[in-house]
Amino acid sequence: AFAQDKPIIESGNLTNEIQNPFQGFLGTVVGLPSRSLMSQDEFFKNMAHRSFVRATALREAAERGFVGEEAADFVTKKMEASMVNGVSLNNNALAFAQQATFTNPLKQGTVGASLATFTNNHPLFRFAALPFVKTPTNILLWTWDRTPGIAFALKANREALMAGGERAAEVMARQSTGAVVWGAGVYFAANGMLTGSGPKDPVQQKLWLDAGNKPYSIKTGNKYIPYNELDPLLTPFGIIADAVTASGELKEHHEDSIVMAFTTALSRNLASKSYLYGLTDFMNAAFSGKTHTLNQWMKQRVGSFVPAIAKQLNQDPEMREMRTYTDQIIGGIPGLSKTLPARPTFFGDAVMKAPFTGDLQMNPFSASPYVRDTHVEDKLLKLGRDFSYPSHNYPGTDVDMTSRDWGVRGNQT
């Protein structure tokens with residue numbers, strides 16, 4: 001798949017296929033990230049496909065009374081007959097593989113299918129705002145399908161319950177597992193062990209982060225363990241945590257409004273998803289009416305050209321100020337990022353990253369220690385005070401005090 005730059009297992013069942021708009025050497029370079037993702041997707045599709053065929057073959061062999069070598073031969077023949085030259089011949093197994101990788105085709109006439117067609121016909125919009133449609137849509141539907149009560153709004157679930165049998169049992173099983181996850185999220189939130197996106201106010205948000213809090217994490221003792229990497233399984237955790245935060249931010253006459261808190265939490269949670277970052281950032285920049293916001297978005301797009309693996313392996317212990325387009329690129333390159341000034345907290349201290357360990361790069365659930373003395377930030381957060389940060393320019397002048405010549409302390413002068 002990687003060598004041919006196209007999926008193999010579902011060659012005859014492709015939908016919403018995206019073509020690289022560039023050709024030649026440039027097209028090869030630009031297409032490397034998507035080619036790598038496609039190859040990983042192919043690998044996991046093959047695993048799911050083979051597991052489905054093997055499981056169904058074993059079940060069928062048992063029903064026929066086959067044992068020993070006879071059963072093994074039967075399973076082997078079923079496995080060999082399910083594919084030809086890597087292309088799936090078993091539609092049920094392929095459908096299972098697509099569902100396991102959140103790439104099952106979107107139903108025609110739905111919003112998701114229409115959006116996918118639009119992005120395929122407008123490559124510039126896809127590059128700027130929404131590179132992926134099918135997978136995010138399927139992930140959101142997966143969560144919806146496992147939310148107790150709400151899942152019955154899906155026509156497919158209602159039809160399955162009416163049909164009874166195995167289909168109805170699958171629907172109820174999804175509801176049961178979903179109830180367990182939602183219940184666990186409520187328990188963690190009630191005991192103050194769950195964090196969401198943090199305060200909505202930008203200044204409060206920065207104070208919250210400076211105080212050592214980690215968004216979308218489970219707090220155990222003095223450590224934070226991120227759970228957002230387990231989307232969509234633990235998406236309910238984020239919604240519950242954001243609902244708790246939102247309910248605390250509502251005005252007095254809205255304090256009992258569960259619907260408003262839940263709606264706010266849902267919007268925040270969706271905006272936090274990595275696969276929707278492009279769209280939310282683009283919408284914020286396009287409709288903010290602020291040149292600064294649009295400029296920041298353009299800088300982030302430039303910074304996105306630095307491979308993610310380079311940023312993950314960057315051992316720079318401090319967060320860096322990235323004020324220019326060049327800084328966005330330098331800030332993601334190991335060794336060069338240290339040439340940029342450190343990003344300051346409200347009190348002038350450098351914002352520190354979680355300590356670098358090999359495990360942190362290989363294991364997305366590694367705990368980040370809560371290491372700073374943040375009593376002042378904690379008190380400010382409890383008081384709900386909004387303190388504006390100093391201007392970037394020296395009073396009465398155009399001198400940029402956040403330039404590299406001023407450093408961290410100059411940023412707070």
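Start by selecting R35, M38, S39, E42, K45, A48, H49, V53, A57 and A61: these are the buried residues of helix α2. The model is predicted.

Next, keep that selection and add its surroundings. The elements that the buried residues of α2 pack against are α3 (68–81), β1 (83–84), β2 (87–88) and α4 (91–100).

Now select the whole of α2, residues 32–64, and put a distance between its end C-alpha atoms. How far apart are the end C-alpha atoms of this helix? They are 48 Å apart, and this agrees with expectation because 33 residues at 1.5 Å a residue should span 48 Å.

Move on to G65, just after α2. The backbone there has a positive phi, about 85 degrees.

Go back into the helix and select F43, which is found in α2. Add F44 and M47 and switch on the surface: together with F43 they make a nonpolar surface patch of about 330 Å². For contrast in the display, colour E42 and K45 separately; both are among the buried residues of α2.

Finally, zoom out to the full protein chain. Colouring by secondary structure brings up 19 helices and 5 strands. Of the 413 residues, 33% are buried. With the surface shown, the accessible area comes to about 24500 Å², and carbon and sulfur atoms hold 61% of it. A contact map is a useful last view: among contacts with a separation of 6 or more, 60% join residues 24 or more positions apart.

Conventions: Residues are numbered from 1 along each chain as its sequence is written. This is a predicted model: local features need pLDDT of at least 70, side-chain atom pairs count only at pLDDT 80 or more; totals for chains, interfaces and linings use all residues. Side-chain values use heavy atoms; hydrogens and water are left out. Helices (H or I, at least four residues) and strands (E, at least two) are DSSP runs, numbered from the N terminus. The expected span of a helix is 1.5 Å times one less than its number of residues. Buried means under 20% relative accessible area, exposed over 50%, partly exposed in between (1.4 Å probe, protein chains only). Contact means heavy atoms within 4.5 Å. Accessible areas come from the Shrake-Rupley method with a 1.4 Å probe; for residues, only the protein chains shown count as cover. Patches are made of residues with over 30% relative accessible area and no salt bridge: like charges are joined within 9 Å, nonpolar side chains (Val, Leu, Ile, Met, Phe, Trp, Tyr) within 5 Å. A salt bridge is a side-chain nitrogen of Lys or Arg within 4 Å of a carboxyl oxygen of Asp or Glu.
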